[in-house]
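Let us walk through this structure, from the ligand shell to the sheet. Keep the 3D view open as you read.

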Amino acid sequence: MSVDIRFDLSGKNAVVTGAARGIGRAIAEAFRHFGATVAVIDRVEHCSTSCDRYYQQDLAETAALPELGARIWDDMGHVDILVNNAGIDYSEWFNEITLEHWRRVMAVNLDAAFFLTQPIAERMIDAHIAGRIINVSSTNGIVAEAAQAHYNASKGGLELLTQSLAIELGPFGITVNALAPGLIETEIYKDLNVPQELIEYSKEHIPLQGRWGRVEDVAAAAVFLASDAGHYITGQHIVIDGGLTCDQFPRFKFLPPYRSRLKNKPADD
Ligand SMILES: NC(=O)c1ccc[n+]([C@@H]2O[C@H](COP(=O)([O-])OP(=O)(O)OC[C@H]3O[C@@H](n4cnc5c(N)ncnc54)[C@H](O)[C@@H]3O)[C@@H](O)[C@H]2O)c1
């Protein structure tokens, strides 16, 4: 028996949203590294991400997205892979959330993913392209966190949108999956002013070596789902969180240590 597994993206056209920095940038650059032609959409005026085409667009302007999707399709000739990555977050209690913030979070994190997927997926069907849609969700789409009701709800919606579209697009060979990162080192946390104590505390609860993830940890999963190797996976999410959401309760902290009896100890012990 010969095993033929390919991660190569040569000849594929990919679109990645929110790719001027952070996770989106790593995904766009990883796709290019594996041979894809990549278009980036972001709101910033100057984008230094290595890409073939750049479209400046505020994705909160939902009504502009069907036309943008059609324009990108025409410019590239076709699209094989769409990554809905752009996302925003505000850290605020439920009674502080304004209608403006609620709507903006929903518009960028959820509405944009749908209204960009719609024109592109329709064209994939018409062109008989077994395309790939990848939505960057979050562990907050699976388990909630305090002071992020709008963000949690938007990512939970994105998880169910992923399943919904997987069902409708599956008959055409198009896969729709989500990536659910946990705590990944990007500038989003600087914007949120996350206290250092929270960062240190969070590390104690990450089973995999107590470290936050890196953007390339998420990009690697995106390459896998976008490649031929991921062709039989749809309607799923890949959780990239170093095991953070495996642990129901920090029981570990209250039990006698077992690691002291081991010959090889983790570096931080
Ligand atoms: N960093 C993490 O720990 C983490 C964890 C879980 C999920 N995520 C998700 O991953 C995605 C990327 O996060 P990140 O950490 O790289 O964030 P980031 O803030 O570093 O990057 C977000 C990118 O999206 C762009 N963007 C934001 N709003 C936009 C809009 N209205 N129109 C167009 N572009 C817009 C920004 O300009 C930026 O380039 C988001 O969907 C986020 O919710 C991140």
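For sorting residues, Ala, Val, Leu, Ile, Met, Phe, Trp, Tyr, Cys and Pro count as nonpolar, Asp, Glu, Lys and Arg as charged, and the others, Gly among them, as polar. By that scheme the shell around the ligand holds 15 nonpolar, 9 polar and 7 charged residues. This is a predicted model: local features need pLDDT of at least 70, side-chain atom pairs count only at pLDDT 80 or more, and totals for chains, interfaces and linings use all residues. Residues are numbered from 1 along each chain as its sequence is written, and side-chain values use heavy atoms, without hydrogens and water.

Start with the ligand. There are 31 residues around it (one heavy atom within 4 Å). Asp42, Asn85, Tyr151, Ile184 and Thr186 come nearest. Polar contacts here are pairs of N or O atoms within 3.5 Å. A side-chain N or O atom of Asp42 is 2.6 Å from a ligand oxygen. For the side chain of Arg21, that distance to a ligand oxygen is 2.8 Å. Asn85 uses a polar backbone atom, 2.7 Å from an oxygen of the ligand. Taken alone the ligand exposes 820 Å², and the protein buries 98% of that (Shrake-Rupley method, 1.4 Å probe).

Now the sheet. Strands are DSSP runs of E with at least two residues, and helices are runs of H or I with at least four, numbered from the N terminus. Two strands pair if DSSP finds at least two bridges between them. The open sheet has 7 strands in the order β3-β2-β1-β4-β5-β6-β7, with parallel pairing. β3 (53–56) and β7 (237–240) are the edges; each has a single partner strand, so one side of each lacks a neighbour in the sheet. β1 (residues 13–17) and β4 (residues 81–84) pair over 3 bridges. Val15 has Leu82 as its bridge partner in β4.

Notes:
Polar contact = N/O pair within 3.5 Å; in protein donor to acceptor, adjacent residues only side chain to side chain.
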